[in-house]
Amino acid sequence: MTKTLIRDAILVTMDETIGDLSSGSILIEDDRILEIAPHIDVSDEVRVIDGENRIAMPGFVNAHIHTWQTGLRGVAADWTIAEYLRAMHAGLAGYFRPDDIRIANHFGALNQISSGTTTLADWCHNNPTPDHTDAAIDGLEASGIRAVFLHGSPKPDPKPGQKHFSELPMPVAEVRRLRDGRLSDDEALVTMGLAILGPQMSVWEVCEADFRLAKDMGLIASMHVSGKFLTQDGFERLADLDLLGPHINIVHGNILNDDLLKLLVDRGVSFTLTPEVELQMGFGDPLTTRLRKAGGRISLGSDIESSMTGDMFSVTRVALQAARHCDNLVSLAEKGTCPDSITVPSREALQWATIDGARMLGMEHRIGSLTPGKKADIVLLDCGKLNMFPVVDPVPAILFHAGVINVDTVLIDGKIRKWDGQLVGAPTRTQRDALQQSGRRIWREFRENAGH
């Protein structure tokens with residue numbers, strides 16, 4: 001039995017019953033939070049972490065990230081959605097070997113830890129073989145992060161005699177291999193979900209099969225909704241079959257009309273917004289205003305590692321300001337003036353990136369807030385640095401002033417994964433070279449075969 005005390009930190013718990021403490025302590029026993037109080041007395045056997053000039057908060061939950069693209073950072077920065085789908089999914093993805101997926105997931109997850117994220121939803125849709133899938137999981141497990149591995153499916157152009165990916169349901173045998181094997185434990189650091197095509201990207205038969213599989217196996221199922229539907233009335237038909245619920249997650253959703261949005265919200269479906277990608281690739285106005293009005297559940301993700309920063313400080317700030325901008329435009333159009341007060345408070349945005357992200361993954365009973373009994377997934381921010389000091393209100397300080405440079409200490413499952421600003425188990429020079437060589441080879445082979 002190991003006990004750790006975080007002492008005299010500013011606490012932003014994201015637990016409504018506890019609130020914030022201007023100075024407080026957190027007692028951890030093994031992997032869980034045991035006690036939170038203004039002051040906790042302990043014996044000499046307890047490891048003590050000094051929280052002076054530190055903000056303690058729950059780790060961020062990155063609810064949508066394509067971690068497998070880490071080795072290709074920057075290539076998609078100037079792409080439209082059509083260019084991205086063509087170059088990434090019908091092109092670059094096909095040059096990935098299992099080792100490319102492994103090293104990318106390992107580095108991508110380590111970057112998340114270094115950036116203050118303790119849980120990620122790894123949306124893996126480049127796993128053409130079981131070896132690719134196992135390599136992706138290997139990379140996550142090697143990092144020490146908490147993750148939900150969302151098993152997806154590749155989207156290459158079909159070869160002669162092959163079906164289009166929209167006609168291919170989730171590979172049931174492969175899903176069961178994982179679910180009955182290495183991802184069978186729902187209390188493990190890496191657990192399982194599905195990254196399905198959904199009504200936008202699949203024919204009805206595939207759509208129904210994938211949703212039934214998710215329900216029958218008790219798995220989270222996430223899908224993109226950002227363009228024209230292949231199955232126009234898919235969500236309505238799924239609702240009639242009672243296949244919608246809190247285990248269903250929609251990424252983006254900007255194009256949904258109000259009636260369909262209401263149907264989905266009423267069925268408990270969650271939504272994950274990735275504002276930077278949505279703004280760049282023309283997905284339409286951010287869904288935030290309409291979703292909040294409908295009473296929907298919002299979480300946030302950084303999305304494609306090939307373009308966007310992975311740090312949730314930036315993601316949350318962009319999401320918040322984009323939502324405020326949309327509300328301002330509505331008010332200007334209706335009244336000719338901006339709103340009398342800010343329409344989206346900072347604390348609500350921080351909820352999207354912590355407890356609401358945990359709720360999207362069905363893990364709100366385990367993570368997402370600093371609460372006795374929950375897992376000790378905790379981030380300490382150094383607020384003595386010039387970019388944050390002084391702290392008047394800790395929540396705006398986190399959202400508008402903090403960044404990766406302030407992430408001093410990260411605990412996941414009670415284990416220290418970052419200490420004094422340095423990753424524990426940081427990549428070696430050999431591993432760094434392997435990631436760089438992987439990305440360069442994939443990019444070179446793609447361009448050579450595309451005639452560039």
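Is D303 buried or exposed? With a relative accessibility of 2%, D303 is buried. Keep in mind that this is a predicted model. Below is a quick tour of a few helices, one well-hidden alanine and some backbone oddities.

**Helix α3**

- Let's start with α3, which runs over residues 130-143 and so has 14 residues. From first C-alpha to last, α3 reaches 20 Å, close to the 20 Å expected at 1.5 Å a residue.
- Plenty of α3 is tucked away: H132, T133, D134, A135, A136, I137, G139, L140 and S143 are buried.
- What do the buried residues of α3 pack against? Their partners are the helices α2 (98-114) and α4 (172-180), plus the strands β7 (117-124), β8 (146-151), β9 (190-195) and β17 (415-419).
- Right after α3 comes G144, with a positive phi near 90 degrees.

**Helix α2 and its two neighbours**

- The axes of α2 and α3 come within 7 Å and cross at roughly 30 degrees. Angles under 35 degrees count as roughly parallel, so α2 is roughly parallel to α3.
- This crossing of α2 and α3 is right-handed.
- On the α2 side, the contact uses P98, I101, R102, N105, H106, A109, L110 and I113. They meet D131, H132, A135, A136, D138, G139, L140, A142 and S143 of α3. Sorted by class, the residues in the contact of α2 with α3 are nine nonpolar, five polar and three charged.
- Now for α15 (residues 429-450): its axis and that of α2 come within 10 Å and cross at roughly 125 degrees. That angle makes α2 oblique to α15.
- The crossing of α2 and α15 is left-handed. Here D100, I103, A104, H106 and F107 of α2 touch Q431, R432, A434, L435, S438, R441 and I442 of α15. The contact of α2 with α15 has six nonpolar, three polar and three charged residues.

**A closer look at A104**

- A104 sits in helix α2 and is buried, with a relative accessible area of just 1%.
- Which residues does A104 touch, leaving aside those up to four places away in sequence? The list is T67, W68, T70, G71 and L435.
- W68 is 36 residues from A104 along the chain, yet their C-alpha atoms are separated by 5.2 Å.

**Helix α6**

- Helix α6 covers residues 204-217. Its 14 residues should span 20 Å at 1.5 Å a residue, and the end C-alpha atoms are 20 Å apart, which agrees.
- The buried residues of α6 are W204, V206, C207, D210, F211, L213, A214 and M217. Among the elements covering them are α4, β9, α5 (198-201), β10 (221-225), α7 (234-240) and β11 (248-252).
- G218 follows α6 and has a positive phi, near 65 degrees.

**Backbone oddities**

- Some background first: most residues other than glycine have a negative phi, and most peptide bonds are trans.
- M14 is not a glycine, but its phi is positive, about 60 degrees. You'll find M14 in the loop between β1 (3-12) and β2 (20-29), and it is buried, with a relative accessible area of 10%.
- Back to D303, which lies in strand β14 (residues 303-304). D303 also has a positive phi, near 75 degrees, without being a glycine.
- The peptide bond from F389 to P390 is cis, with omega near 0 degrees. P390 belongs to the loop between β15 (378-382) and α14 (394-400).

Note on methods. Residues numbered from 1 in each chain as written. Predicted model: local features only at pLDDT ≥ 70, side-chain atom pairs only at ≥ 80, totals over all residues. Heavy atoms only, no water. Helix = DSSP H or I, 4+ residues; strand = E, 2+ residues; numbered from the N terminus. Expected span 1.5 Å × (residues − 1). Buried < 20%, exposed > 50% of the residue type's maximum accessible area, 1.4 Å probe, protein only. Contact = heavy atoms within 4.5 Å. Axes fitted to C-alpha atoms, helices over the stretch in contact; angles between N-to-C directions. Parallel < 35°, antiparallel > 145°, perpendicular 65-115°, else oblique. Left-handed = near helix turned anticlockwise from the far one by under 90°. Nonpolar A, V, L, I, M, F, W, Y, C, P; charged D, E, K, R; others polar.
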